[in-house]
Each structure stands twice: as structure tokens, then as C-alpha cells.
Amino acid sequence: MSSTAGQVIKCRAAVAWEAGKPLVIEEVEVAPPQANEVRIKILFNALCHSDVYFWEAKGQTPLFPRIFGHEAGGMVESVGEGVTELKPGDHVLPCFTGECGDCRHCNSEESNLCETLRFNTDRGVMLNDGKTRFSKNGQPIYHFLGTSTFSEYTVVHAGCVAKINPAAPLDKVCVLSCGVSTGIGATLNVAKPEKGQSVAVFGLGTVGLAACEGARMAGAGRIIGVDLNPGRFNEAKKFGVTDFVNPKDHDKPVQEVIAEMTDGGVDRAVECTGSFQAMIQAFECVHDGWGVAVLVGVPGNNDAFKTHPMNFLNERTLKGTAFGNYKPRTDIPTQVEKYMTKELEVEKFITHSVPFSEINKAFDYMLKGQSIRCIIRMED
């Protein structure tokens, strides 16, 4: 057991006191883990667009003060009662969704949507007792996605913790705990392009570039990147993109443009923007008879998907995915091993690095569209 096991730990955390206001580095108290929980010393974070989105309070009922962060790597400091698969010192990636191992979804090869630990952006407390493990001067500070990794120590349900190879560099593989795995899995696990087929990817942010990477790994013959920002096109070449389409450059719907480029449509399409218009375009740009479109981006609450039923009757398939259909505890360690054997590249996703004390710079890079992934070093 660690020397701090069972004790409250005081440490630094980047606290969001209000929506859209700069994070403040505060000294907070982190309570010990309760049953089925682990306390983790976070060593590296990567800023994900979801952190920015919910910090701006665009996607939920505002809940503040809050500690964001969900793409990170660290070491187990202590474990709560009933935790048998993790021990202090283990290298881990906390994940925003979980795997209890017992529910129908966990026992199904077709789903990763754990009934108990499915991701929840509105919940700001722990499942065990409905309370937070963070506080400052007696005031509770809410959790985010059950991870809250913008803190030197955090408490996470054990079912949301992937134990990984201790030789893997945490400052690199931490990006596999969210966006990169989501995009790669959307292509490899759900779209499943065959070697030589064509793939269109809508949105060339981190998840979209990861979807392109998945298409490259699958041996796609043509990868078409679709984005409104032409500045992203050169960077996308590193991820296997062969063609670029900016919808602003055309006076017809982009699905028609892609159909003309590909003799009737692409074999597979992956939508990574969250725009319902892009979702419709992605579906309508796949070839009849065998085309498959996969939705990854999260739409607005009031959005609606509208397309003619004949698009389905003409044997196009529409699918959706969460976290690339990966089960966190089972599959993420395997992703890390693929990195270790050089089957999977992650360095090219990492464009910036900042110390924890300058975490707001990472937000600035993201908001200005300058970064793919910015690593936040917890030890300045």
C-alpha cells in the first residue's frame, strides 16, 4: 500500500469555476477511493475538444465548479474495497466510459455500451454514494465524465481504468484513451473497409484524422478528407488522405461532388463533425448496394437526421459508434501494444506540449484550431 492510502491528498487541480472562464490552478482535497474505486496520480493529459465543448457549457446543463479532463495517463496510488485487478503502481489510462464485465452489453461482442458505466456528461458525482471526491475548503467540486484528470490526483471507478504495459510512454499513449481510439475504431471496427476500397472522412480534427489513419491501416485505396478549413489539408496527408474536398468550393451538395469523383459514391464514409448536415452528406455519398456510413460526431439536442427512405432501400447502411466500439479495459491495452510494436502511430497526433501551470494555453491552441493534440505535463 502507498503511504498516502486511506488519507485525503492535497494537490493541484485546474478548476473551472464558471463556463468559458480560464481554469484556475487551485489546491484541492482529494478523498480516498471508496468501494470499486481507484485513486490515480495523473502524469500526463491530452486536451480533447469535448473538454472545451463542455467547459463552454454548450452541451449540458451547466455544472460548476468542475474539474475537466478525460484523456490522460498515470499510476494507481491506492485502491478501494473490492478492487482486485488493479494495485498501487500500475500504469493506467482512465477512460470516459467503462466496462463492468457483468452486464448484457459487456457480455456482448457487438456492444461496448456498459449499462452501469456508460459515459454520462451530466453526472458530476461518483456512482458509489452520489458525492464528489474533490473539495476545496469544504466546497464540493464536481467531476466530469467520471475521470476529472485535470488534477494531480483523481478518483475513478475501477471499471473505467485500463491497465497497460508499464513500458509504454504515458505522454504518448494517453491519447489512446479517447479521440484517437474513437476515430481508428470507427473505421476499423465499424466501417470495416476492405483493402483497396474508398473512404470519405468528414471533419479533419483529431477524431477525423484518426479515422483516416484507420483507413490507411486497413489499406484503403483512396481516402477523401472533407473539411471546411483548407488549412487542415496538408496535415491530413500524414494520415493517408489522398483527396481533399472543401464544400465551400462547390456549388452543389458535397455528396454529389463525391459521387462524381468516385463513380457513384465511396465504399465507406465516416462522419466526425457532429453536424447533422454532414451526417446526411456522409450517408448520401456512399455507393448504393454496399456503401456503409458511420456516425461518430455528437449532434445537438434538437438536431434531426432526414434522408429519403430509398437511400436505405437501395442498400446503403447507416451505423453509429461510441468510442470506436472499443471496450476500455479489454481493448485499450491491446491498442497500446499495437503502438509498442509500431503497428499504430500516435506521435503525429501530438502537435503541442505545455506544463500544467499553463493549461489555458492548451485551450487557446484548440480554440484557434492550431493543435491536434496538446500534451499537458502535470509535473512542471
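This is a friendly dialogue about reading two sheets, two helices and one arginine in a predicted model.

Colleague: I'm new to this structure. Which strands form the antiparallel open sheet, and in what order?

Modeller: A sheet is read by following its strands from neighbour to neighbour. Here four strands form an open sheet with antiparallel pairing, in the order E1-E2-E6-E7. Strand E1 (9-15) and strand E7 (139-141) are the edge strands, as each pairs on one side only. From one strand to the next, the twist averages 50°.

Colleague: How many bridges link E1 and E2?

Modeller: Seven bridges do, and strand E2 covers residues 24-30. To see one pair for yourself, find Lys10: its bridge partner in E2 is Glu29.

Colleague: And what is the order of strands in the parallel sheet?

Modeller: That open sheet has six strands, ordered E12-E11-E10-E13-E14-E15.

Colleague: Why is one side of E12 and of E15 left without a neighbour in the sheet?

Modeller: Strand E12 (243-245) and E15 stand at the edges and have a single partner strand each, so one side of each has no neighbour there. The twist in this sheet averages 20° from one strand to the next.

Colleague: Which residue is the bridge partner of Val270?

Modeller: Look along E14 and you will find Val294 as its partner. The strands concerned are E13 (residues 268-271) and E14 (residues 292-295), which run parallel and are joined by four bridges.

Colleague: Now the helices. Which strands does helix H6 lie across?

Modeller: For a helix on a sheet, check the strands it crosses and then the angle. Helix H6 (residues 254-261) lies across strand E10 (198-202), strand E11 (222-226) and E12, and runs at about 160° to E11. Helix H7 (residues 276-284) lies across E10, E13, E14 and E15, with an angle of about 170° to E13.

Colleague: Let's finish with a single residue. Where is Arg316 found?

Modeller: Look in the loop that links helix H8 (310-313) to strand E15 (317-320).

Colleague: Is Arg316 buried or exposed?

Modeller: Arg316 is buried.

Colleague: Why does Arg316 have no salt bridge with Asp288?

Modeller: A salt bridge needs the charged atoms to be within 4 Å. Asp288, the nearest side chain of opposite charge, is 4.7 Å away, so Arg316 has no salt bridge.

Colleague: What does the side chain of Arg316 reach instead?

Modeller: It reaches the backbone oxygen of Val286 at 2.9 Å. Leaving aside residues up to four places away in sequence, Arg316 touches Phe283, Val286, His287, Asp288, Gly291 and Asn311.

Technical notes:
Residues numbered from 1 in each chain as written. Predicted model: local features only at pLDDT ≥ 70, side-chain atom pairs only at ≥ 80, totals over all residues. Heavy atoms only, no water. Helix = DSSP H or I, 4+ residues; strand = E, 2+ residues; numbered from the N terminus. Buried < 20%, exposed > 50% of the residue type's maximum accessible area, 1.4 Å probe, protein only. Lys, Arg positive; Asp, Glu negative; His and termini not counted. Polar contact = N/O pair within 3.5 Å; in protein donor to acceptor, adjacent residues only side chain to side chain. Contact = heavy atoms within 4.5 Å. Pairing = 2+ DSSP bridges. Axes fitted to C-alpha atoms, helices over the stretch in contact; angles between N-to-C directions.
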